[in-house]
Amino acid sequence: MAAAAESSGLTLGLYMSLIIAYLFLNSSLNLINKWALGHAGFRFPFLLTSCHMLFGFCVLAPVALRDGWESHRATLRKQWRGVACIGAFLALNIALSNISLMDISLSLNQIIRSAIPVVACVLGIVVESKYPSPQEAASLVVLSCGVMLAVWQGTVAGKPYAIALSVAATVSNAAMMTFSSKLMSEKLDVVRLTFYVAPVSLTCLAPFFWMYERESFAEYWPSHQEGAGLIMLVSSIMAIAYNLVHALMIKNVSVVATTVLGEFKIICLLVLSAMLLGEGSEFTFKMTLGCLLAMGGFAAYGHIKIKAAREGVKPPLLATSGSADRDLETQLLKKGGGA
């Protein structure tokens, strides 16, 4: 992945700082969302993500609108299709995953979503004609299979429609990142992209909030105004920071590398929980084998990128919260199909 830093013009220090910021914000946002949805009683992920979108739009407006309406009109005239696709795919990723969890096991949902590096790689070929080397493709398959083994909890039950929706959500997530990479490669900066996408995603999420959360939130709000308001504000601040850093990762590191880091983070959290939280007894042979496979795939992927950089070959940059992260989506199980 060092080759990505070289090709993007980032110094090694800035490159590593970007990766650290991405991993920190990703984990922090996951933690905040998990606490809010699973422990604080705020079981409204569609509303929470909508707040993230609205807050980001309002915060970025003073910066984005400095260029004047004519500049934005010219940009949107050229890029509106891509912006609409990114916003729609972002909303679909959240909505379809949440709905699918009503009739699919969490384990099977995680297994399906663990394939995202491979899906992103395939979409990079289709959308941007960027082909991986055979070694790179093999390392991504090994990494994804390792994560699947590690997160498999033994239950893979699910109705056909729910499995289809989970697959569609995974494809939507990868498509969102692929189109983001394509637009930013065409000189659309990170701030403008985030600013343009927010109202599109907000519009797409509104019907899901209206159908699934409106009535329960109307009952919840009167007696929880202060706590709910604080949750929405704090998570929105974290989300806008994460969305900007995530977009920078896609632009400067590549989509596939971003998804690889996300998968590796999952393995690291599993290992750390076993070492630091006394959960080693829960580490089965299957989980151990999965972690070893995932680490091997990650090491092989990194070696390929480093070797390409040393040989002076620019590697193919193939086309990850948002604010809608995996923990946010999977809280439906705790709500029994509603969050």
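This passage describes helix packing, nonpolar cores and selected residues in a predicted model.

Residues are numbered from 1 along each chain as its sequence is written, and side-chain values use heavy atoms, with hydrogens and water left out. Because the model is predicted, local features need pLDDT of at least 70 and side-chain atom pairs count only at pLDDT 80 or more, while totals for chains, interfaces and linings use all residues.

Helix 11 (residues 225-252) is considered with three packing partners, where helices (H or I, at least four residues) are DSSP runs numbered from the N terminus. Helix 2 (residues 12-38) packs against helix 11 at an angle of about 150°, with the axes 9 Å apart; axes are lines fitted to C-alpha atoms over the stretch in contact, and angles run from 0 to 180 degrees between N-to-C directions. The crossing of these two helices is left-handed, a term that applies if the near helix is turned anticlockwise from the far one by less than a right angle, whereas a clockwise turn gives a right-handed crossing. Contacts (heavy atoms within 4.5 Å) in this pair involve residues of helix 2 including L18, Y22, L25, L29, I32 and W35, which meet residues of helix 11 including I231, V234, M238, Y242, V245 and M249. A21, also in helix 2, is partly exposed at 28% relative accessibility; buried denotes under 20% relative accessible area, exposed over 50%, and partly exposed the range in between (1.4 Å probe, protein chains only). The C-alpha atoms of A21 and M249 are separated by 9.8 Å, although their positions lie 228 residues apart along the chain in the sense of sequence separation.

Helix 8 (residues 160-185) packs against helix 11 at about 70°, with axes 9 Å apart. The two helices are therefore roughly perpendicular, given that angles under 35 degrees count as roughly parallel, over 145 as roughly antiparallel, 65 to 115 as roughly perpendicular and the rest as oblique. Their crossing is right-handed, and the contact joins M177, S180, S181 and M184 of helix 8 to H246, A247, I250 and K251 of helix 11. Elsewhere in helix 8 is S172, which is buried with a relative accessible area of 6%. Leaving aside residues up to four places away in sequence, S172 touches F89, L92, N93 and L96.

The third partner, helix 9 (residues 190-212), packs against helix 11 at an angle of about 125°, with axes 10 Å apart. This angle makes helix 9 oblique to helix 11, and the crossing is right-handed. V190, V191 and T194 of helix 9 meet I240, N243, L244, A247, L248 and K251 of helix 11. In the loop between helix 11 and helix 12 (255-276) lies S254. S254 has a positive phi of about 105° although it is not a glycine, and its relative accessible area of 5% makes it buried.

The nonpolar cores were examined next, each being a set of buried Ala, Val, Leu, Ile, Met, Phe, Trp, Tyr and Cys residues joined through side-chain atoms within 4.5 Å. The largest core holds 58 residues, of which L193, M249, V256 and V260 touch the most other members. Helix 11 supplies the largest share of this core, eight residues. A second, separate core of 19 residues includes F42, L48, L205 and F217. Outside its immediate sequence neighbourhood of up to four places, V260 touches L140, L143, F298 and Y301.

Two further buried positions bring together parts of the chain that are apart in sequence. G290, in helix 13 (residues 285-310), has 0% relative accessibility and is buried. G290 and M148 are 142 residues apart in sequence and 7.1 Å apart in space, C-alpha to C-alpha. With residues up to four places away not counted, G290 touches G146, V147, L149 and A150. I94, in helix 4 (residues 69-100), is likewise buried at 0% relative accessibility. The C-alpha atoms of I94 and P45, 49 residues apart along the chain, are separated by 8.6 Å.

Finally, cysteines were considered. A search of the whole structure finds zero disulfides, a disulfide being a pair of cysteine sulfur atoms within 2.5 Å. C204 is partly exposed, with a relative accessible area of 27%, whereas C291 is buried at 4%.
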